[in-house]
Amino acid sequence: WGAAPREALALRPAHGQARAKHAVPAWATVDPDAMCGASPATGMNLVGGEWRGAAQTMDIVDPLNGEAFLTVPDTQESEIGPFVERMKGCPRSGLHNPLKSPERYNMLGAACAQAAEEMRKPEVQYFFARLIQRLTPKSWAQANGEPTITRKFLENYSCDQVRYLARSFGVAGDHMGQTSTGVRMPFGGCGVVTPFNFPLEIPSLQTMSGLFMGNQMTTKVDEKVQLCMEQFLRMMHHVGLPKTDVDLIYCRGPVMNKLLVDGDAKMTLFTGSQHIAEKLCLDLRGKVKLEDAGFDWKILGPDPADVDYVVWQADQDAYAFSGQKCSAQSMLFVHENWDKVGIVDKLAAAASQRNLQELTIGPVITWPTPKFLAHVEACLKIPGAALAFGGRPLEGHSIPERYGAVQPTAVRVPIESLRDPEVFRVATTELFGPFQVIVDWKEGQLPLVLELLNSMQNHLTAGVVSNDVRFLNEVLSSTISGTTYAGMRAKTTAAPQQHWFGPSGDPRAGGIHTPEAIKLCWSSHREIIYDYGPVAKDWRATQS
């Protein structure tokens, strides 16, 4: 697994490309290469267009060595008044809508165009990728993907594309001068709450999406990584976004919860744990959209092919970014025909190549090593279970004890064991780290596989690896995962800007990227019936 001294834990661009340190962008307030214990970076709140601190601060430690390399506001409940008033003070009709201040659609389109151009600069691409890698260590390819997708999203919604999101439609009325028109209206003061794992892509895309539809936004990212969103907003201000469109707060979860309740948030997009999602649903009286926990499955069908590719993709889905994706492959159903080609041994060989030097394995932010290994042991107590590979702590590192540091791990269980409800509960507990459960199944057991899939609590992503059309149709027609990949190249991870990403089967389900996702999450339908007349000359009043 490769012991790695601290100086070796540097970013490694893909394909052996040389890395040159770029100048820090003019609008940036941190240098991702320089932030360290001796020279920590500083974060700031943004409220009402003003950058400000808080009475207390909290230190954020480098996940690779434990140094306090970042200081951010620790905003208390007693300090949220300005944020609450801003949220409550946003008009119910929003900052703009199809009938009010439509020039803002043009302004936002122009800002997106300018921001995309800014992000095309090598020094800006490098700045965000390196900052992401410092805040939440992942390989260069993984870190570099976020600014790329964010830039493409901004390109997609440049110029007139923002106003197209608010496209209206009309239906002919019953008489001359009457027309019914459907328009998309904003909610008003809204919130975005997102986790640590994608510190640029998720909060920036959701915050901008809310703005597109006319809302005023208050955003909170996990405080360990929010510095990235802060720098994104500074870039957006640089290219023309009004500073009063978005408020940004560094605080702990309960403080943000009170801000949303006291500010009467008209809609909140939450990405994160299912427990917090359910609490927000109650506290905010259902005015939420969720992209909550993801225990995601993949089925290897009865027709093995392209074995090396399927192994590579499965390794990526389970262990890229140390498995810390809501779309990570959590349970792999292996058909007996795939077992015959040695798929599990090949997965073990692929996982063994991951190392700290290239950050293809790294700190597990929410599962400390003892907790991680305890769950592995619990899974190994399942009747017939066996350790497929991994299951040991990483060695030769300086990752703080508060985080996990464990080899890519898989536990193999027979499908029959999952009939027991308690066993099923243990096996389908989401471990947000480099861990998966491999389930063996045979011809004739597909009905049981489908029953198990539909018994899971979360339905975010899924993969059906097969080119057998009848098999694909049977699985796809009987399952509900919101983002499902089908075919021999099927995956569970990757959320490019061109397709919907979000759960299904829940009326609270939110999405990201596409026009459909933006309109669903950040606007509501309004019907305006125009009725100008004329009134017929022979009209007579009658009561009914």
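**Exercise 1. Decide whether the two faces of β13 are covered or not, and name the residues on each.**

Solution.
Step 1. Sort the side chains. Asp296, Lys298 and Leu300 lie on one side of β13, and Trp297 and Ile299 lie on the other.
Step 2. Check burial. All of these residues are buried, so both faces are covered. Buried means under 20% relative accessible area, exposed means over 50%, and partly exposed is in between (1.4 Å probe, protein chains only).
Step 3. Draw the conclusion. Five of the five residues of β13 (residues 296-300) are buried, so the strand is largely enclosed by the rest of the structure. Strands (E, at least two residues) and helices (H or I, at least four) are DSSP runs, numbered from the N terminus.

Two notes on the model apply throughout. This is a predicted model, in which local features need pLDDT of at least 70 and side-chain atom pairs count only at pLDDT 80 or more, while totals for chains, interfaces and linings use all residues. Residues are numbered from 1 along each chain as its sequence is written, and side-chain values use heavy atoms, with hydrogens and water left out.

**Exercise 2. Find which strands pair with β13, and in which sense.**

Solution.
Step 1. Take β14 (residues 329-335). Five bridges join β14 to β13, in the parallel sense. Two strands pair if DSSP finds at least two bridges between them.
Step 2. Place a residue pair. Leucine 300 stands opposite valine 334 in β14.
Step 3. Trace the connection. β13, helix α10 (residues 307-319) and β14 form a right-handed β-α-β unit. Right-handed means that, with the strands pointing away from the viewer, the path from the first strand over the helix to the second runs clockwise.
Step 4. Take β18 (residues 461-465). β18 runs parallel to β13, and four bridges join them. Here lysine 298 stands opposite glycine 463.

**Exercise 3. Work out how β11 is placed between β8 and β12.**

Solution.
Step 1. Check burial of β11. Five of the five residues of β11 are buried, so this strand is largely enclosed by the rest of the structure. Met267, Leu269 and Thr271 point one way, and Thr268 and Phe270 the other.
Step 2. Pair β11 with β8 (residues 189-194). The two run parallel and share four bridges. Valine 192 has leucine 269 of β11 as its bridge partner.
Step 3. Pair β11 (residues 267-271) with β12. Four bridges join them in the parallel sense. The chain goes from β11 through helix α9 (residues 274-283) to β12, a right-handed β-α-β crossover.
Step 4. Place the residue pairs. Threonine 268 has valine 288 of β12 as its bridge partner. Threonine 271 stands opposite glutamate 291.
Step 5. Check β12 (residues 288-291). Val288 and Leu290 on one side are buried, as are Lys289 and Glu291 on the other.

**Exercise 4. Describe the surroundings of asparagine 215.**

Solution.
Step 1. Locate the residue. Asparagine 215 sits in the loop between α6 (201-212) and β9 (216-221).
Step 2. Classify it. Asparagine 215 counts as buried because its relative accessibility is 0%.
Step 3. List polar contacts of the side chain. It reaches the backbone nitrogen of phenylalanine 187 at 2.7 Å and that of glycine 188 at 3.1 Å. A polar contact is a pair of N or O atoms within 3.5 Å; within protein, one must be able to donate a hydrogen and the other to accept it, and residues adjacent in sequence count only if both atoms are side-chain atoms.
Step 4. Add other contacts (heavy atoms within 4.5 Å). Not counting residues up to four places away in sequence, asparagine 215 touches residues including Leu95, Pro186, Cys190, Gly210 and Trp522.

**Exercise 5. State how many disulfides the model has.**

Solution.
Step 1. Recall the bond. A disulfide is a covalent bond between the sulfur atoms of two cysteines.
Step 2. Apply the cut-off. The pair of cysteine sulfur atoms must be within 2.5 Å. The count comes to zero.
Step 3. Test one case. For cysteine 159, the nearest cysteine sulfur is that of cysteine 112, 9.3 Å away, and cysteine 159 is in no disulfide.
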